[in-house]
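I opened this notebook to look up three things in turn: the enclosed space, a pair of strands and a patch on the surface.

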Amino acid sequence: MVKLVEFDEKVTLAQQMEEDIGPVILLNKFNVNPEEVDQFLKVFAATTEIMKQQPGYISAQLHRGIAGSCTFVNYAVWESSEHFKRAVSSPNFQSSLADLPPSTVMSRHLFRKVAVPGICAE
């Protein structure tokens with residue numbers, strides 16, 4: 001069974017999903033055992049196909065740590081936190097989580113862009 005760990009010890013994902021803002025960026029960090037990477041990638045692909053069908057989905061990109069790392073980070077863009085909340089509450093998505101490898105540790109958090117003058121545009 002997937003172990004869920006909050007990204008931020010002071011603000012939970014549930015609290016974030018109650019604030020209706022957009023667009024939002026989902027960062028989803030996964031750790032899996034090396035022998036379960038192939039299973040993880042198959043389930044990630046199937047789960048992302050489910051999410052692509054949900055209203056408000058914009059894009060996703062999976063990244064893997066280098067040098068043999070089994071840490072993955074998914075960067076997904078949603079029109080709003082409300083769209084994301086509805087998508088993760090869907091029965092199809094919820095049931096797909098059961099297919100993740102047993103060693104999976106997952107941390108999810110919503111973000112928005114921050115403007116830093118001369119460095120980052122909003």
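I looked first at the lining of the largest cavity, where the largest share, six residues, comes from H2; helices (DSSP runs of H or I, at least four residues) and strands (E, at least two) are numbered from the N terminus. The model is predicted, so that local features need pLDDT of at least 70 and side-chain atom pairs count only at pLDDT 80 or more, while totals for chains, interfaces and linings use all residues. Residues are numbered from 1 along each chain as its sequence is written, and side-chain values use heavy atoms, with hydrogens and water left out.

I searched the whole structure and found one cavity of 30 Å³ or more, a cavity being a set of points on a 1 Å grid over the protein atoms alone where a 1.4 Å probe fits but cannot get out, with lining residues having an atom within 4 Å of a point. I noted a volume of about 240 Å³ for the largest cavity, volume being the space filled by probe spheres set on the points, which are joined across faces, edges and corners. Of its 22 lining residues, Asn28, Thr47, Met51, Asn74 and Phe93 are the closest to the centre.

I then turned to S3 (residues 57-64) and S4 (residues 71-78), which pair in the antiparallel sense over seven bridges (pairing needs at least two DSSP bridges). Arginine 64 stands opposite phenylalanine 72 in S4, and in the six-residue turn of this hairpin I noted a positive phi of about 65° at alanine 67.

Last, I placed isoleucine 119 in the segment after strand S5 (105-111) and noted that it counts as exposed because its relative accessibility is 68% (exposed is over 50%, buried under 20%, partly exposed in between, with a 1.4 Å probe and protein chains only).

Note on methods: 1 Å grid on protein atoms, 1.4 Å probe; cavity = no way out; pocket = protein on both sides within 12 Å on 5 of 7 lines; lining within 4 Å.
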